[in-house]
Amino acid sequence: MENEQAEAWTRFCRETDPAETLARMIPFVREVGVSRIADISGLDSIGLPVAVAYRPTARSLATCYGTGVTLTEAKASAVMEALERFCAENPKITLRYASYDELLAEGRVVDLDMLPRIREAPPPKFRRSLWARATGMTSGDTSWVPFETVHLDFALPLPTNLECLLVGSGGLASGNTTKEAAVHAISELIERDALTLWRAKGSDINETIIDLESVNDPWCTGILSTLSRSGVRTAVWDMTSDLGVPAFFCEISSDNSSTFRNVSPAAGSACHPLTGIALGKAMLEAIQSRLTMISGTRDDLTPEMFMRGSPRPPLEEPNTCAGKDFTDVPSVLGFACIDNALENLLDRLRTAGIGEPLIVDLSHDVIPAAVVRVIAPGLEGSCDAPGYTAGTRARRLAANQDGNVENG
């Protein structure tokens with residue numbers, strides 16, 4: 001069992017065992033606003049652990065979920081997400097009040113046109129707002145990024161902002177070290193970019209469904225077996241983008257007769273340099289999403305979401321294709337090493353023409369963990385965000401598809 005647990009945390013590119021991380025964080029949970037940590041696994045019939053850290057005084061979401069193949073992993077994940085949100089709600093960073101044009105004159109500001117937006121109108125570059133100091137992840141140069149792309153303080157009145165940029169938790173991550181947190185932050189940004197591009201393919205995503213019989217990763221097959229035994233159907237799609245970092249979308253569903261409640265289909269997605277971790281995390285995210293809906297305690301759940309269920313792939317009918325082989329999706333790395341993973345991810349972004357990622361350290365000195373926010377100019381944001389406006393990569397994909405249709 002100890003070997004299995006060691007394998008589990010190594011898979012997630014963690015530099016410390018989840019049990020050690022959790023033990024180190026427990027003395028600080030009240031400082032980050034956590035009143036209790038609950039095991040909600042029993043609300044569902046699947047049986048894989050899901051934990052919730054409750055933060056009654058949060059300035060964003062008051063519930064933070066975590067999952068894993070052990071309850072310790074789930075609790076550690078929930079606590080670390082709570083830490084992320086606390087640090088982003090209470091940033092101890094350098095701010096500046098200025099306009100884009102003023103900062104551009106100094107040559108030290110991110111290109112606003114390359115950031116995900118929720119409005120077609122261009123950002124007001126003459127308007128003064130708050131900016132946070134960030135550091136280039138390859139050059140080490142200082143730059144300024146809009147404060148709204150960094151913080152998660154949603155208590156009203158909101159800090160002055162540009163009112164057109166996508167605001168959310170994308171690129172916010174924690175870890176035992178700064179590099180570990182950075183790997184997870186970049187992986188999440190690549191995942192959201194890949195999901196947006198994948199959804200834009202429409203019916204072409206039929207070709208990306210994975211033949212689950214071809215999955216040869218022991219950790220993933222264990223999760224698949226657990227889902228199958230609980231009467232849950234699983235479908236997985238390969239949404240890996242041109243960046244080449246493995247990314248998957250997973251949907252789980254079950255007949256109401258096989259569960260003790262009416263449960264809508266749930267979905268999850270994940271990206272990671274190692275294919276097995278990406279698939280496993282996508283399935284765990286779907287399980288977590290399902291329990292999030294069942295528990296009904298997340299602040300941003302609406303009645304409409306319960307009626308329509310989680311975001312689903314754009315398929316009108318179940319896919320009947322044989323499916324692509326899981327082994328055809330190559331891992332970026334053959335070994336889970338934080339330094340190598342970070343270097344490889346940065347290189348892939350650079351090769352694809354993505355602007356230099358910028359990092360803001362949100363860690364609090366008294367808490368023994370790292371929290372970062374990464375901004376990657378040029379990557380797409382989450383297409384599920386209300387009002388999301390397609391960026392350059394999504395528009396280019398749409399144009400290429402239209403051209404192929406006309407040529408056909």
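## Close-up views of a predicted model

**View 1. Helix H5 on the sheet E9-E10-E11.** In this predicted model, helix H5, made of residues 178-199, lies across strands E9, E10 and E11 and runs at about 125 degrees to E11. Helix H7, residues 275-295, also packs on this sheet, where it touches E9, E10 and E11, and its direction makes about 150 degrees with that of E11. The sheet itself is open and has 3 strands, in the order E9-E10-E11, with antiparallel pairing. Strand E9 (232-238) and strand E11 (266-271) stand at the edges and have a single partner strand each, so one side of each is left without a neighbour in the sheet. On average, and with direction ignored, neighbouring strands here are turned by 20 degrees against each other.

**View 2. The pairing of E10 with E11.** Strand E10, which covers residues 247-254, pairs with E11 in the antiparallel sense over 6 bridges. One point at which the register of the two strands can be read is alanine 247, whose bridge partner in E11 is cysteine 271.

**View 3. The crossing of helices H5 and H9.** The axes of H5 and helix H9, the latter made of residues 338-351, come within 9 Å and cross at roughly 35 degrees, and the crossing in which H5 passes H9 is left-handed. On the H5 side the contact is made by Lys179, Glu180, Ala182, Val183, Ile186, Ser187 and Ile190, which meet Ile338, Asp339, Ala341, Leu342, Leu345, Leu346 and Leu349 in H9. Sorted by class, the residues in this contact comprise 10 nonpolar, 1 polar and 3 charged.

**View 4. The sheet E1-E2-E3 and the helices that lie across it.** This open sheet is formed by 3 strands in the order E1-E2-E3, and its pairing is antiparallel. Its edge strands are strand E1 (36-39) and strand E3 (63-67), each of which pairs on one side only, and neighbouring strands are turned by 25 degrees against each other on average, with direction ignored. Helix H3, residues 71-89, lies across E1, E2 and E3 and runs at about 145 degrees to E3. Helix H7, shown in View 1 against E9, E10 and E11, lies across E2 and E3 as well, running at about 140 degrees to E3.

**View 5. Strand register and the covered strand E3.** Strand E1 and strand E2 (residues 50-54) run antiparallel and are joined by 4 bridges, with alanine 38 standing opposite valine 52 in E2. Between E2 and E3, which also run antiparallel, there are 5 bridges, and tyrosine 54 has threonine 63 as its bridge partner in E3. Strand E3 is mostly covered, as 5 of its 5 residues are buried. Both of its faces are covered, with Thr63, Tyr65 and Thr67 buried on one side and Cys64 and Gly66 buried on the other.

**View 6. The surroundings of glycine 136.** Glycine 136 has its place in strand E5, residues 128-136. With a relative accessibility of 4%, glycine 136 counts as buried, because the cut-off for that class is under 20% relative accessible area. When its neighbours within four places in sequence are left aside, glycine 136 is in contact with Asp141, Glu356, Pro357 and Leu358. Isoleucine 375, although 239 residues from glycine 136 in sequence, is 9.7 Å from it in space, C-alpha to C-alpha.

**View 7. Backbone geometry in the loop between E6 and E7.** Most residues other than glycine have a negative phi, and most peptide bonds are trans. In the loop between strand E6 (142-146) and strand E7 (172-175) one finds proline 157, and the peptide bond that leads from leucine 156 to proline 157 is cis, with omega near -5 degrees. Glutamate 163 is found in the loop between E6 and E7 as well, and has a positive phi of about 65 degrees although it is not a glycine. The side of the exposure scale on which glutamate 163 falls is partly exposed, with a relative accessible area of 43%.

**View 8. The protein as a whole, for orientation.** The protein has 10 helices and 14 strands, and 53% of its 408 residues count as buried. Among the contacts with a separation of 6 or more, 69% are accounted for by residues 24 or more positions apart. About 18000 Å² of the protein is exposed, and carbon and sulfur atoms supply 49% of this area.

How values were computed:
Residues are numbered from 1 along each chain as its sequence is written. This is a predicted model: local features need pLDDT of at least 70, side-chain atom pairs count only at pLDDT 80 or more; totals for chains, interfaces and linings use all residues. Side-chain values use heavy atoms; hydrogens and water are left out. Two strands pair if DSSP finds at least two bridges between them. Axes are lines fitted to C-alpha atoms, for helices over the stretch in contact, and angles run from 0 to 180 degrees between N-to-C directions. Contact means heavy atoms within 4.5 Å. A crossing is left-handed if the near helix is turned anticlockwise from the far one by less than a right angle, and right-handed if clockwise. Ala, Val, Leu, Ile, Met, Phe, Trp, Tyr, Cys and Pro count as nonpolar, Asp, Glu, Lys and Arg as charged, and the others, Gly among them, as polar. Buried means under 20% relative accessible area, exposed over 50%, partly exposed in between (1.4 Å probe, protein chains only). Accessible areas come from the Shrake-Rupley method with a 1.4 Å probe; for residues, only the protein chains shown count as cover.
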